[in-house]
Amino acid sequence: MPFAINIRSDNETAAPIRELWQRLEVFEPAPTMRALNYPPHLTLAIYEDVPESELFAVVDGVADGPIKLRFESLGCFTPPNGLVIWAAPRVTRQLRRLHQSIHSIIDTQRCHANYRPKRWVPHCTLALNVAPEYRSEAKALTEEALSPFEATFDVVDCTSFHPVEVLRERRLKSTGQA
């Protein structure tokens with residue numbers, strides 16, 4: 001069972017992401033994101049086999065405070081026989097530092113290749129399983145202008161999946177600094 005390190009938006013700023021989930025779930029045979037029973041998130045790393053103690057060290061040792069991200073566009077991945085739609089955040093220094101800090105704790109080579117530095121595409125998934133008959137329509141949406149919005153990611157966690165099970169989490173508290 002794989003493990004993931006994520007940041008989650010467990011607050012009202014996630015409303016625009018949830019609205020996009022609802023808008024895009026009409027293209028899926030069944031709503032995938034709501035079915036996860038897990039909040040809007042960005043996955044920072046995925047591992048097949050890592051001791052929980054190392055995952056917990058990441059959760060306990062990275063990220064000082066909440067991360068506010070601005071989303072300005074949609075994108076898609078086209079895995080074999082599928083289409084995944086996602087929201088693209090503006091990549092900040094804080095987000096890059098957070099991602100790099102994970103790889104300073106757990107060896108980069110142990111991470112799934114697509115989540116390693118220089119290959120990682122920061123994204124917040126909106127639909128995991130667009131039906132074949134709606135792929136062109138859903139993909140066309142990714143080329144339309146998106147009304148920019150901000151969401152604050154205020155929890156870091158590690159999970160196992162599928163189904164998603166939170167193994168450890170830590171709320172990211174503001175330090176009071178601007």
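**Exercise 1. The loop of His 162**

Locate His 162 among the strands, then describe the peptide bonds on its two sides.

*Solution.* Start with the place: His 162 sits in the loop between E7 and E8. (Helices, H or I with at least four residues, and strands, E with at least two, are DSSP runs numbered from the N terminus.) Before going on, keep in mind that this is a predicted model, in which local features need pLDDT of at least 70 and side-chain atom pairs count only at pLDDT 80 or more, while totals for chains, interfaces and linings use all residues. Residues are numbered from 1 along each chain as its sequence is written, and side-chain values use heavy atoms, leaving out hydrogens and water.

Next, turn to the bonds. The one from Phe 161 to His 162 is cis, with omega near -20°. The one from His 162 to Pro 163 is cis, with omega near 5°. Pro 163 belongs to the loop between E7 and E8. For context, most peptide bonds are trans, and most residues other than glycine have a negative phi.

**Exercise 2. Two residues with positive phi**

Compare Ala 63 and Asn 81: in which loop does each lie, and is each one buried or exposed?

*Solution.* Take Ala 63 to begin with. Its phi is near 65°, positive although the residue is not glycine, and its place is the loop between H3 and E3. Ala 63 counts as buried because its relative accessibility is 18% (buried means under 20% relative accessible area, exposed over 50%, partly exposed in between, with a 1.4 Å probe and protein chains only).

Now Asn 81. Phi is near 60° here, again a positive value in a residue other than glycine, and Asn 81 is in the loop between E3 and E4. With a relative accessible area of 73%, Asn 81 is exposed.

**Exercise 3. The sheet that holds E7 and E8**

Work out the strand order of this sheet and find the helices that pack on it.

*Solution.* Order comes before anything else: four strands make an open, antiparallel sheet, E2-E1-E7-E8. (Two strands pair if DSSP finds at least two bridges between them.) The edges are E2 and strand E8 (165-171), each pairing on one side only. On average, neighbouring strands are turned by 20° against each other, direction ignored.

Then look at the pairing of E1 with E2: they run antiparallel and are joined by six bridges. Asn 6 stands opposite Thr 43 in E2, and Phe 3 has Tyr 47 of E2 as its bridge partner.

Finally, add the helices. Helix H3 (residues 52-61) packs on the sheet and touches E1, E2, E7 and E8, its direction making about 30° with that of E8. Helix H4 (residues 93-105) packs on the sheet through E1 and E2, at about 20° to E2. (Contact means heavy atoms within 4.5 Å; axes are lines fitted to C-alpha atoms, for helices over the stretch in contact, and angles run from 0 to 180 degrees between N-to-C directions.) As for burial, seven of the seven residues of E2 are buried.

**Exercise 4. Thr 159 in its surroundings**

Describe the burial of Thr 159 and name the partner of its side-chain polar contact.

*Solution.* Thr 159 is in strand E7 (residues 155-160). Thr 159 counts as buried because its relative accessibility is 3%. Its side chain makes a polar contact of 3.3 Å with the side chain of Asn 6. (A polar contact is a pair of N or O atoms within 3.5 Å; within protein, one must be able to donate a hydrogen and the other to accept it, and residues adjacent in sequence count only if both atoms are side-chain atoms.) Beyond its neighbours within four places in sequence, Thr 159 touches several residues, including Pro 2, Phe 3, Tyr 38 and Val 164.

**Exercise 5. The other sheet**

Give the strand order of the sheet that contains E4, and the helix that packs on it.

*Solution.* Four antiparallel strands form an open sheet in the order E5-E4-E3-E6. Strands E5 (124-127) and E6 (149-153) are its edges, and the twist averages 45° from one strand to the next. Helix H1 (residues 15-24) packs on this sheet, touching strand E3 (67-77), E4, E5 and E6, and its direction makes about 30° with that of E5. Strand E4 (residues 84-89) pairs with E5 over three bridges, and Trp 86 is opposite Thr 125.
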